[in-house]
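Colleague: I should like to learn how to read a model of this kind, one feature at a time. May we begin with the pairing of strands?

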Amino acid sequence: MDEGRARRRGVSPRLWLAGGWLLLALLAAIFAPLVAPQDPLAQDLMLERLPPFWMNGAEPGYWLGTDSLGRDLLSRLIFGGRIAFIVAFSAAVAACLVGSTLGLIAGYFGGWADRIISRVVDVWMAFPPVLFAILLVAVLGTGLSSVILAIAIIDWTRFCRVIRAETMGQSRMDYVENARIAGYGRIGIMLREVLPNVVPSIVALLSLEMGIAVIVEAILSFVNLSISTDDPTWGGIIAEGRLSIHQAWWVLVFPLITLILTVLSFSQFGEALKTRFDPVLR
Amino acid sequence: MSACLDIRDLSAVLPNGQRVLRSVSLSVQPGEVRALVGESGAGKTMIGKAVLGVLPSSVRIVEGDMLLEGEDLGKLQPKARRTLIGARTALIPQDPLTALNPSRRIGSQMTDRLVRILGWSGEKADTRIRQLLDEVQIRDPDRVLKSYPHELSGGMRQRVLIAAAFAAEPRLIVADEPTTALDVTVQKQILRLIVQLQREHGTAILFVTHDLGVVAKISQRVSVLYAGKVVEEADTAALFAAPQHPYTRALMAATPRYTDPFASLKPVDEAVLAGLASEIAAADQAWRRPHG
């Protein structure tokens, strides 16, 4: 009990910090047109490479400075967040649905179902993921939906492997046997008895996967394979920032910080949620 | 009146052909407590699982019949068999820790079965569960029903499982070493509860245990099992007064006595084990011949 309480105390700041950042970023992304101080696409060569607000030569209204075309960095980050979050949520949910379902089936039914699903996962994971993503987007064509689809296609295996292992462990427990004696059907047992016990892991993985999806999207837009180049994306801003690092370091550094904070928050949030969801640890 | 459970010549094998149950026959009369004793690995639990239809997939029944209240389980379609076993039997498991689903509240786990399997209304199931919790002397049913399993002690969990086993009024309960995982003071209370509920409800119990002391206290008849073979079967009183088989005698001699706690424990005699081994080898030979 004492240990449980210590754990709970340890969880809270992590949950609040990670959740707070995500909420802030999410709200900014949703209300981007209202929140962003400038038009993210408006170029003004008179205002190029303005430094962030605390440095000499900063202009009011351009808090994080501007890039080499005079576009407001903060506004571009906020609008880039829209794409990052859309990709994170849709790709992670899609990967989670496919992966968890197959993982449950493989873990619970075992036998042939397990053998087939596990082999497919093994083969799938043999591909280097980023290369696989670039290849998929090249085949599917650039655009938001191809990026989402590519991430889901690559990352469902993460869910599948973990959920399969957890399900196998749970299926051996006596309460599953008890349910069989009572006369429940196999699918009923899988959904009513086993699934609730793997939900904490699913939630943690889902959050982690959102972070991964943000990174993959950034990588794809970094190599110009994400969506149309007009819309600002975090990866795209980083790519531009790399070119002007010696004249305007902020164009590279701020999107990097945003990206790292977001990915870190997703993974911490997932861990914290897992302990929250687990009745034994709670 | 037919037996509540009638097992005839049940044999089961592992994939490598080794027999784990050797022509086991035993019957449980309605309302009777039938003990099944043996060392660990003797196949006691296997028999219980066979009756309840939850044998591990590697174990295959190759011969014999199991009749539950006169219905031949082997002749039923899998679905009908599940329904029959679900409605007429229940299990009191060995380990109350893993026998309850950790992520669901006690209340929903207990009523679920009555509602989904027996088609009772939620209200009726709830009343019934509370009545049973009272019978197993749980004084604060509201708290217990709202709890998750890890919030209850081992003894409480076992009470909950006993209540759940009796709730649907099964005809037969398989109690698989229900007190082994509990500490000694709680064991006694739990045993007393099982016997009390068994009497009140008139349920037949197949009581699997390795503890001869428990056998003497609660059962009417005993089967002694060794290596998947019934070596002796008798009324409990008769068995303790005059054990017939040398293994039974050796097993009794090996039981520690509380009256003389410092006496060294006696293992089962080598000669007895050698005799058993040849007995079993002979039985296997005889069994293989007609079965190729």
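Modeller: Strand 1 and strand 2 of chain B run antiparallel and are joined by 6 bridges. Please keep in mind that this is a predicted model. One pair of facing residues is B:Leu5 and B:Val28, the latter in strand 2 of chain B.

Colleague: Which residue takes a positive phi in the hairpin of strand 1 and strand 2 of chain B?

Modeller: That residue is B:Gly17, with a phi near 90 degrees; the hairpin has 5 residues between its strands.

Colleague: To which other strand of chain B do bridges join strand 1?

Modeller: Strand 1 (residues 5–13) of chain B is joined by 7 bridges to strand 4 (residues 60–68) of chain B, and the two run antiparallel. Within this pairing, B:Ala12 stands opposite B:Ile61 of strand 4 of chain B.

Colleague: In what order do the strands of this open sheet of chain B lie?

Modeller: The order is 2-1-4-5, with 4 strands and antiparallel pairing. At the edges are strand 2 (19–28) and strand 5 (71–72) of chain B, each of which pairs on one side only.

Colleague: How should one read the two faces of a strand?

Modeller: The general idea is that side chains in a regular strand alternate between the two faces of the sheet. In strand 8 of chain B, B:Ala204, B:Leu206 and B:Val208 point one way, while B:Ile205, B:Phe207 and B:Thr209 point the other way.

Colleague: Are the residues of strand 8 of chain B buried or exposed?

Modeller: The cut-off for a buried residue is 20 or more other C-beta atoms within 10 Å of its own. In strand 8 (residues 204–209) of chain B, 6 of the 6 residues are buried, so this strand is largely enclosed by the rest of the structure.

Colleague: Which strands of chain B are joined to strand 8 by bridges?

Modeller: Strand 3 (residues 33–38) of chain B is joined to strand 8 of chain B by 5 bridges, and the two run parallel. Strand 7 (residues 172–176) of chain B is likewise joined to strand 8 of chain B by 5 bridges, again in parallel. B:Phe207 takes part in both pairings: B:Ala35 has it as bridge partner, and B:Ala175 stands opposite it.

Colleague: What unit do strand 7, helix 7 and strand 8 of chain B make?

Modeller: They make a right-handed β-α-β unit, in which the helix comprises residues 184–201 of chain B.

Colleague: How should one read a positive phi outside glycine?

Modeller: As a general guide, most residues other than glycine have a negative phi. B:Gln137 is not a glycine, yet has a positive phi of about 60 degrees. It is found in the loop between helix 4 (122–135) and helix 5 (141–146) of chain B. B:Glu169, also not a glycine, has a positive phi of about 50 degrees. B:Glu169 lies in the loop between helix 6 (154–167) and strand 7 of chain B.

Colleague: Why does B:Gln137 count as exposed, and how many C-beta neighbours has B:Glu169 inside 10 Å?

Modeller: A residue is exposed if 12 or fewer other C-beta atoms lie within 10 Å of its own. B:Gln137 has 12 such atoms, so it counts as exposed. B:Glu169 has 13 neighbours inside 10 Å and therefore counts as partly exposed.

Colleague: Let us turn to chain A. How many helices and strands does chain A have?

Modeller: Chain A has 10 helices and 0 strands. Its C-alpha trace spans about 80 × 50 × 30 Å along the principal axes, and 44% of its 282 residues count as buried.

Colleague: How does one recognise a helix that is not straight?

Modeller: One compares the span between its ends with that of a straight helix. Helix 8 of chain A has 37 residues, and its end C-alpha atoms are only 47 Å apart, short of the 54 Å that a straight helix would reach. A kink of about 55 degrees lies at A:Leu195, shortly before the proline A:Pro196. Of the 37 residues of this helix, 26 are buried, so helix 8 of chain A is largely enclosed by the rest of the structure. After the helix comes A:Asn224, whose phi is positive, near 65 degrees.

Colleague: How many residues of chain A are in contact with chain B?

Modeller: There are 14, in contact with 21 residues of chain B. Helix 7 (174–182) and helix 8 (186–222) of chain A each supply at least two residues of that side of chain A. The largest share, 7 residues, comes from helix 7 of chain A. By type, the residues on this side of chain A are 7 nonpolar, 3 polar and 4 charged.

Technical notes:
Residues numbered from 1 in each chain as written. Chains lettered and ligands numbered in written order. Predicted model: local features only at pLDDT ≥ 70, side-chain atom pairs only at ≥ 80, totals over all residues. Pairing = 2+ DSSP bridges. Right-handed = clockwise from strand over helix to strand, strands pointing away. Contact = placed C-beta atoms within 7 Å. Nonpolar A, V, L, I, M, F, W, Y, C, P; charged D, E, K, R; others polar. Expected span 1.5 Å × (residues − 1). Bend = angle between axes of the 7 residues up to and from the residue.
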